[in-house]
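Work through the exercises below with the coordinates open beside you. Each task is followed by a solution that goes step by step.

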Amino acid sequence: MSSQVFRKTESGKAEIARRQAGLSPATRTVLIMVNGSDSVNALAARGLPQLQGHLDTLLALGLIEPVVARAALVALPSPPPTVALSPVAPHASEAPLAAPTPAAAPAQVAPASLNLDALRRKALAHLGNHFGPDTPLVAQALLAARSVAEFNAALDGIESKLAIYLGRKQAARELQALRPAL
């Protein structure tokens, strides 16, 4: 039993928060130290006297449980992903049809990606004046853009947000310098 590992049950987690079971301070300390990864030997190495007695008390109260029993339950869901992969096989057969297009696109986008990185930095600096600390949130689509067309589409969305308080024409003027040529 010295190499056995215990974890807190939901009741054990609730006990730590509420202190309703009336545990002794030493037993409560053992409950707090049980983490689902340390063995009884590792817990004993921390110098707790009568560790086994405290563990027996916590087991009897249902505040901890052996991890071994839990690992058997976790091992059961492993086969379903294998089963889930078989329906994906038809999609995988479609993927070769789509694969040549993305394979060709990165070759075309690769030179532009360097420009896009510079444009992203410039846009974030410029937009920071308007959106402050929310700039990364507002510019999520801009940061995710992988092509010039996606970058411009993201700027269109940001322009509509800027237009709320700058007006449509001024927002268009503000972002014009950030737009790369197609």
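**Exercise 1.** In this predicted model, determine which residue forms a salt bridge with Asp117, and how far apart the closest N and O atoms are.

*Solution.* Asp117 pairs with Arg120, and the closest N and O atoms of the two are 2.7 Å apart, which satisfies the 4 Å limit for a salt bridge. Both residues belong to helix α7, where a spacing of 3 residues corresponds to about one turn of the helix. Turning to accessibility, Asp117 has a relative accessible area of 34% and is therefore partly exposed, whereas Arg120, at 10%, counts as buried.

**Exercise 2.** Find the salt bridge between Arg179 and Glu159, and establish which parts of the chain the pair links.

*Solution.* The side chains of Arg179 and Glu159 meet at 2.8 Å, N to O. Arg179 is in the segment after α11 and Glu159 in helix α10, so that the pair, 20 residues apart, links distant parts of the chain. Glu159 has a relative accessibility of 18%, and because buried means under 20%, Glu159 counts as buried. Through shared partners, salt bridges join Asp156, Glu159 and Arg179 into one network.

**Exercise 3.** Identify the residues that touch the most other members of the largest nonpolar core, and the helices that each supply at least two of its residues.

*Solution.* The largest nonpolar core has 17 residues, of which Leu127, Leu142, Phe151, Ile158 and Leu175 touch the most other members. Helices α7 (100-131), α10 (148-166) and α11 (168-176) each supply at least two residues of this core. If residues up to four places away in sequence are left out, the contacts of Phe151 include Leu116, Leu119, Ala123 and Leu142, and also Arg120. Apart from this core lies another, of 13 residues, among them Leu31, Leu51, Leu58 and Ile64.

**Exercise 4.** Classify the packing of helix α2 against helix α4 from the angle and the distance between their axes.

*Solution.* Helix α2 (residues 25-33) and helix α4 (residues 51-60) pack with their axes 9 Å apart and at an angle of about 80°. Because angles of 65 to 115 degrees count as roughly perpendicular, α2 is roughly perpendicular to α4. From α2 the contact draws on Ala26, Thr27, Val30 and Leu31, and from α4 on Leu51, His54, Leu55, Thr57 and Leu58. Divided by character, the residues of this contact are 6 nonpolar, 3 polar and no charged.

Note on methods: Residues are numbered from 1 along each chain as its sequence is written. This is a predicted model: local features need pLDDT of at least 70, side-chain atom pairs count only at pLDDT 80 or more; totals for chains, interfaces and linings use all residues. Side-chain values use heavy atoms; hydrogens and water are left out. Axes are lines fitted to C-alpha atoms, for helices over the stretch in contact, and angles run from 0 to 180 degrees between N-to-C directions. Helices (H or I, at least four residues) and strands (E, at least two) are DSSP runs, numbered from the N terminus. Angles under 35 degrees count as roughly parallel, over 145 as roughly antiparallel, 65 to 115 as roughly perpendicular and the rest as oblique. Contact means heavy atoms within 4.5 Å. Ala, Val, Leu, Ile, Met, Phe, Trp, Tyr, Cys and Pro count as nonpolar, Asp, Glu, Lys and Arg as charged, and the others, Gly among them, as polar. A nonpolar core is a set of buried Ala, Val, Leu, Ile, Met, Phe, Trp, Tyr and Cys residues joined through side-chain atoms within 4.5 Å. Buried means under 20% relative accessible area, exposed over 50%, partly exposed in between (1.4 Å probe, protein chains only).
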